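Hi,

Here is the structure I promised to pass on. Have a look at it first, and then read my notes underneath.

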Amino acid sequence: MIREPLVFSPIYRTRVWGGRRLADSLGRALPSAEPIGESWEIVDRPEAQSRVAFGEHQGKTLRELIEKENVMGPKWPRDRRFPLLVKWLDCEERLSLQVHPPASVAPLLGGEPKTENWYVAEVSPAAGLLVGFRPGVDRDAFAAALRAKRVETCVNRLAVKPEDSLLVRSGQVHAIDAGCLILEIQQNSDTTYRVDDWGRLGLDGKPRELHIAESLASMSWNSDPISLVETAEVIGPIAECPEFRILRHVVEPGGRLDLEAGSDARIVSVVRGALSYGNRVAARGDNLVVGIDVNVSFSTSGGAVVLITENFALSR
């Protein structure tokens with residue numbers, strides 16, 4: 001039985017484009033001097049398992065909690081993975097231009113679809129996000145640009161600021177500029193096809209692998225909507241798709257946020273300030289799983305901005 005929100009120990013990933021901002025901005029104790037690009041906050045995969053950081057279920061994996069503790073509810077198949085993966089991205093350098101396969105293509109390529117949402121926590125003045133093709137770009141035009149090493153001219157580039165949010169659908173080509181700290185909430189997938197890595201060498205001194213054929217097979221050549229949301233004035237939904245919905249809440253100083261047990265588990269992400277619950281504190285950067293049977297009341301003395309992700313189990 002799950003009686004309290006679950007906080008998991010982060011799993012840090014070294015990336016050639018990573019940095020140290022997770023320590024500087026979120027106060028994390030990073031494991032090494034290597035560039036840390038990702039912190040997997042909530043994950044249930046064969047190669048990576050979140051473990052509860054403290055409390056009654058300390059040390060248990062998310063998989064164990066699904067199989068034995070009913071965190072997703074009695075109707076959730078015990079062998080089914082947690083449907084989302086939550087991570088922090090520290091983009092000290094620009095990420096590769098890449099794409100994730102849509103559900104109709106992924107099985108043919110041996111991959112998994114991945115629709116994801118980026119919440120921009122911090123951003124350098126010149127940084128932006130690249131997503132989707134510019135008008136008139138089709139497969140032939142992009143292939144020609146690829147041969148000429150000018151693919152960046154084919155992709156939309158968006159200026160962004162803190163608290164902007166962008167939903168990136170499977171099949172949309174995309175990249176994140178250097179200088180962004182981003183909370184990514186995504187389908188539980190680790191399939192990424194790189195189409196261009198800007199001539200960069202990996203940490204081993206060799207060019208990183210590209211996946212040109214898979215990328216071209218996965219890309220959407222339609223004018224998919226670009227869903228940039230300036231969330232600073234939004235109370236309510238900031239992202240909605242068949243895979244999940246994300247709501248933004250502002251808890252004023254001295255205020256409360258009450259979550260009652262319902263028909264779906266939820267994820268609570270603190271993106272500004274801090275929340276208290278019982279004798280614990282959820283600081284900026286923390287991501288909590290609130291199980292289906294959990295009632296919890298959060299309070300804050302200094303105010304907080306919170307993202308609540310829901311509807312990720314109801315649609316399954």
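Let me start with G199, which sits in the loop between β14 (193-196) and α5 (212-218). (Helices, H or I of at least four residues, and strands, E of at least two, are DSSP runs numbered from the N terminus.) G199 counts as exposed because its relative accessibility is 75%, the cut-off for exposed being over 50%, with buried under 20% and partly exposed in between (1.4 Å probe, protein chains only). Its C-alpha lies 9.8 Å from that of K149, and the two residues are 50 apart in sequence.

Before you go further: this is a predicted model, where local features need pLDDT of at least 70 and side-chain atom pairs count only at pLDDT 80 or more, while totals for chains, interfaces and linings use all residues. Residues are numbered from 1 along each chain as its sequence is written, and side-chain values use heavy atoms, with hydrogens and water left out.

Next, the pocket. The largest one holds about 390 Å³ of space. A pocket here is an open set of points on a 1 Å grid over the protein atoms alone, where a 1.4 Å probe fits, with protein on both sides within 12 Å along at least five of seven lines; lining residues have an atom within 4 Å of a point. Points are joined across faces, edges and corners, and the volume is the space filled by probe spheres set on them. There are 21 lining residues, with R15, E38, Q98, T192 and R194 nearest the centre. Two or more lining residues come from each of β2 (11-19), β6 (84-91), β8 (116-123) and β12 (174-176), and β12 gives the largest share, three residues. By type, the lining has nine charged, six polar and six nonpolar residues. (Charged is Asp, Glu, Lys and Arg; nonpolar is Ala, Val, Leu, Ile, Met, Phe, Trp, Tyr, Cys and Pro; the others, Gly among them, are polar.)

What about disulfides, and how many does the structure hold? Zero, taking a disulfide as two cysteine sulfur atoms within 2.5 Å. For C180, the closest cysteine sulfur is in C91, 5.9 Å away, so a bond is out of reach. C180 is buried at 0% relative accessible area, and C241 is buried too, at 15%.

Finally, there's an open six-stranded sheet, antiparallel, in the order β1-β22-β19-β24-β17-β16. Its edge strands, β1 (6-7) and β16 (236-241), each pair on one side only; pairing takes at least two DSSP bridges. β1 joins β22 (residues 287-290) through two bridges, and V7 has L288 as its bridge partner there.

Cheers
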